[in-house]
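User: I'd like to go through this structure with you and see how its descriptions are justified. Could you take my questions one by one?

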Amino acid sequence: MTTAAGTTGTTAATPAAGPFAQRTTPDVLHPDGLHDLRGGPVPTTLRYPPQDLVVVTGLPGSGKSTLMRRTARARVIDSQQAREHYEQALPPRLPYALYRPLVRLHHYRGLHHALLAGGPLVVHDCGTLPWVRSRLARTAARQGRRLHLVVLDASPEQAARGQRERGRRVSAYAFARHRRATARLHAELAAADGPVAGCASTVVLDQDGALRLQAIDFGG
C-alpha cells in the first residue's frame with residue numbers, strides 16, 4: 001500500500017479502491033513509490049527534488065504534450081516539438097512515416113544534450129519502453145539524480161478522440177503497438193504494486209485528474 005507521505009496541506013486518509021490502495025492528498029504531493037490517483041482526489045502540485053527527471057507517458061492523444069505545456073515548471077523535452085520543426089521545414093504533403101526517423105533522431109539528440117547539461121527535466125516519449133526508462137535511469141543515477149514516471153491513463157477511445165481533436169492521428173498499426181506497450185506497463189504496475197522498475201516514483205492519473213493538476217515543479 002502506498003500513502004501520501006511527503007505531502008503538505010490537508011491530507012485525507014481515505015483508502016482508494018482498486019489494486020493500488022493508497023491515501024490521497026488535495027494539495028502538494030512529493031511522489032515516492034506508487035501513487036494511483038485515478039478516481040480520487042488529485043494534488044494541485046507534484047513536487048520533485050530539484051535535479052530529478054520526470055517522464056510523462058500515455059497513449060497518443062491522451063494529452064501528454066498539453067499537460068507538460070500547462071504544468072511543467074522546468075525544461076520540457078517533447079518529441080512533438082521535433083515533429084513540428086520538420087513539419088514546418090518539409091513539404092506539407094510529405095507523409096510523416098517518411099521523416100519519422102529524422103524526428104526521432106532530433107528528439108533523442110536534444111534529450112541527450114539536455115541530460116548532459118543537468119537540471120530538472122520533464123520528458124515526453126517512449127516511457128512505455130523499458131529500455132528507454134533503463135537508459136534514462138542509469139544516466140540520471142550517474143549524475144546523482146532519480147527518474148520518475150507520470151502515466152496518463154486514457155482509454156483507447158479517449159486517446160483516439162484526442163488525436164482527432166488535435167488533427168494529428170497515428171496509423172492503426174502504430175496505435176496498436178502503443179496500446180500493447182501501454183498494456184504491458186499497466187500489467188507491470190499491477191504485478192509489482194510499486195513504481196515501475198528503474199523509477200523512484202510512478203504517479204497514475206486519469207484524464208480528469210490530469211485536468212485538475214496545476215503544476216509539476218522541482219522545489220525540493
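Analyst: Happy to; we can go from the whole chain to three of its helices and the nonpolar cores. Please keep in mind that this is a predicted model.

User: Thanks! What makes up the chain overall?

Analyst: It has seven helices and nine strands. Of its 220 residues, 47% count as buried. The chain exposes about 10800 Å², and carbon and sulfur atoms supply 55% of that area. Among contacts with a separation of 6 or more, 68% are between residues 24 or more positions apart.

User: Why is Glu188 called partly exposed?

Analyst: Buried means under 20% relative accessible area and exposed means over 50%. Glu188 has 26%, so it is partly exposed. This residue lies in helix α6. Leaving aside residues up to four places away in sequence, Glu188 touches Arg133, Val196 and Ala197.

User: How do you know that the length of α6 agrees with its number of residues?

Analyst: At 1.5 Å a residue, the 21 residues of α6 should span 30 Å, and the end C-alpha atoms are 30 Å apart, so the two agree.

User: What makes the buried residues of α6 line one face?

Analyst: The buried residues are Ala174, Phe175, Ala181, Thr182, Leu185, His186 and Leu189. Seen down the axis, they fall within an arc of 135 degrees, so they line one face of the helix. The face turned away from the buried side carries the exposed residues Ala172, Tyr173, Arg184 and Ala191. Cover for the buried residues of α6 includes β2, β4, α4, β7, α5 and β8. Just after the helix, Asp193 takes a positive phi of about 50 degrees.

User: How do you know that the buried residues of α4 are on the same side?

Analyst: In α4, Val132, Arg133, Leu136, Ala137, Thr139 and Ala140 are buried. They cover an arc of only 165 degrees around the axis, which puts them on the same side of α4. On the other side, Trp131, Arg135, Ala141 and Arg142 are exposed. The buried residues of α4 are covered by elements that include β4, α3, β7 and α6. As for length, the 13 residues should span 18 Å at 1.5 Å a residue, and the end C-alpha atoms are 18 Å apart, which agrees.

User: And α3: where is the kink, and how does the span compare with the expected one?

Analyst: The kink is centred on Leu102 and is about 25 degrees. With 22 residues at 1.5 Å each, α3 should span 32 Å; its end C-alpha atoms are 30 Å apart, which agrees. The buried residues of α3 are Tyr96, Tyr99, Val103, His107, Leu111, Ala114 and Leu115. They pack against β4, β5, α2, β6 and α4. Gly118 follows α3, with a positive phi near 80 degrees.

User: What makes a group of residues a nonpolar core, and which residues touch the most other members of the largest one?

Analyst: The members are buried nonpolar residues joined through side-chain atoms within 4.5 Å. The largest nonpolar core has 21 residues, of which Leu53, Leu121, Leu136, Leu147 and Leu149 touch the most other members. At least two residues of this core come from each of β4, α3, β6, α4, β7 and α6. Its largest share, four residues, is supplied by α4. There is also a second, separate core of 19 residues, which includes Val56, Val150, Leu152 and Phe218. In soluble globular proteins, nonpolar side chains tend to be buried together.

Methods
Residues numbered from 1 in each chain as written. Predicted model: local features only at pLDDT ≥ 70, side-chain atom pairs only at ≥ 80, totals over all residues. Heavy atoms only, no water. Expected span 1.5 Å × (residues − 1). Bend = angle between axes of the 7 residues up to and from the residue. Buried < 20%, exposed > 50% of the residue type's maximum accessible area, 1.4 Å probe, protein only. Contact = heavy atoms within 4.5 Å. Areas by Shrake-Rupley, 256 points an atom, 1.4 Å probe, with all protein chains shown as cover. Arc of directions from axis to C-beta.
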